[in-house]
Structures are given as structure tokens and as C-alpha cells.
Amino acid sequence: SVGVDGKTSMERLRGRGISRPTCEFGECVFYLPAKGGTPKHKADAKLREGVWLGVNPRTDEAIVFGKDGVELVRTVKRKVEEDAFDAEAIDWAARE
């Protein structure tokens, strides 16, 4: 929430705003894994699909639940609004 000074609590604490666009909790996103993210073949996709969990405030890394479990990543791309929320993906993340 924004205070009377026009700043959020994070802006007051750190002296600057959040540098990355945030997604809603449980939103399906594409992300680039930090380690081992390069595909074996040029035609393979670099981005993977996962579920947005939040942001680590100390390192400004995104927390995403993907096929390899919970990962800290820097590159996140949002899906189009029609595909952003998938009940099956969120249920799959909750079961793991």
C-alpha cells in the first residue's frame, strides 16, 4: 500500500522502488533458469514454465516453482492474461 508520502514501505526502507515488475501469487509465468538453462539443441526452448511465488527482497530474485522445484531466477516473462492462471498448474505446484 502507498503511504501519505506517496511511497511504499519498501521504497522508504531501501530508498528506491522495486526494479522488477511483480506478478500475482500463483500466476503462471515463463522463466529462464539460472543454472543449466541452455538447451541441448538450438531449436529447443530456453524458457520454462512455472508458477510465480514471490520476490526475495534481499537479492531481488524471483521465486518460481518449476518442474525442478523452487528456483531463484532473475529472468521472468509474464504470460498473456488469458493463460496467466491455470488451475491445473497451481494444483500441481501445491501438491509438490
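Does Lys 79 count as buried or exposed, and at what relative accessibility? In this predicted model, Lys 79 comes out at 17% relative accessibility, so it counts as buried, the cut-off being under 20%.

**View 1. Lys 79 and its surroundings.**
Here we zoom in on the loop between β5 (75-78) and α2 (87-95), which is where Lys 79 is found. The side chain of Lys 79 makes a polar contact with the side chain of Glu 49, at 2.6 Å. Once you leave aside neighbours within four places in sequence, the contacts of Lys 79 are Cys 28, Val 29, Phe 30, Glu 49 and Ala 84. So Glu 49 turns up both in that contact list and as the polar partner, with 17% accessibility being why Lys 79 counts as buried.

**View 2. The whole sheet.**
Next up is the open sheet, built from five strands in the order β4-β3-β2-β1-β5, with antiparallel pairing. Which strands stand at the edges? Those are β4 (69-73) and β5, and each has a single partner strand, so one side of each lacks a neighbour in the sheet. Going from one strand to the next, the twist averages 45°.

**View 3. β1 against β2.**
Strand β1 covers residues 28-32 and strand β2 covers residues 48-56; the two pair in the antiparallel sense over four bridges. To get your bearings, look for Cys 28, which stands opposite Val 51 in β2. Cys 28 is also one of the residues in contact with Lys 79, which links this view back to the loop after β5.

**View 4. The β2 and β3 hairpin.**
How many bridges pair β2 with β3? There are five, again in the antiparallel sense. Asn 56 stands opposite Glu 61 in β3. The hairpin has four residues between the strands, and Asp 60 takes a positive phi near 65° there. If you're scanning backbone torsions, Asp 60 is the residue to pick out in this view.

**View 5. β3 and its hairpin with β4.**
Why is strand β3 (residues 61-66) described as largely enclosed by the rest of the structure? Because five of its six residues are buried. On the β4 side, five bridges join β3 to β4, and the two strands run antiparallel. This hairpin has two residues between its strands. A handy marker pair is Phe 65, standing opposite Val 70 in β4. With β4 we are back at an edge of the sheet, where the strand has a single partner.

Conventions. Residues are numbered from 1 along each chain as its sequence is written. This is a predicted model: local features need pLDDT of at least 70, side-chain atom pairs count only at pLDDT 80 or more; totals for chains, interfaces and linings use all residues. Side-chain values use heavy atoms; hydrogens and water are left out. Buried means under 20% relative accessible area, exposed over 50%, partly exposed in between (1.4 Å probe, protein chains only). A polar contact is a pair of N or O atoms within 3.5 Å; within protein, one must be able to donate a hydrogen and the other to accept it, and residues adjacent in sequence count only if both atoms are side-chain atoms. Contact means heavy atoms within 4.5 Å. Two strands pair if DSSP finds at least two bridges between them. Axes are lines fitted to C-alpha atoms, for helices over the stretch in contact, and angles run from 0 to 180 degrees between N-to-C directions.
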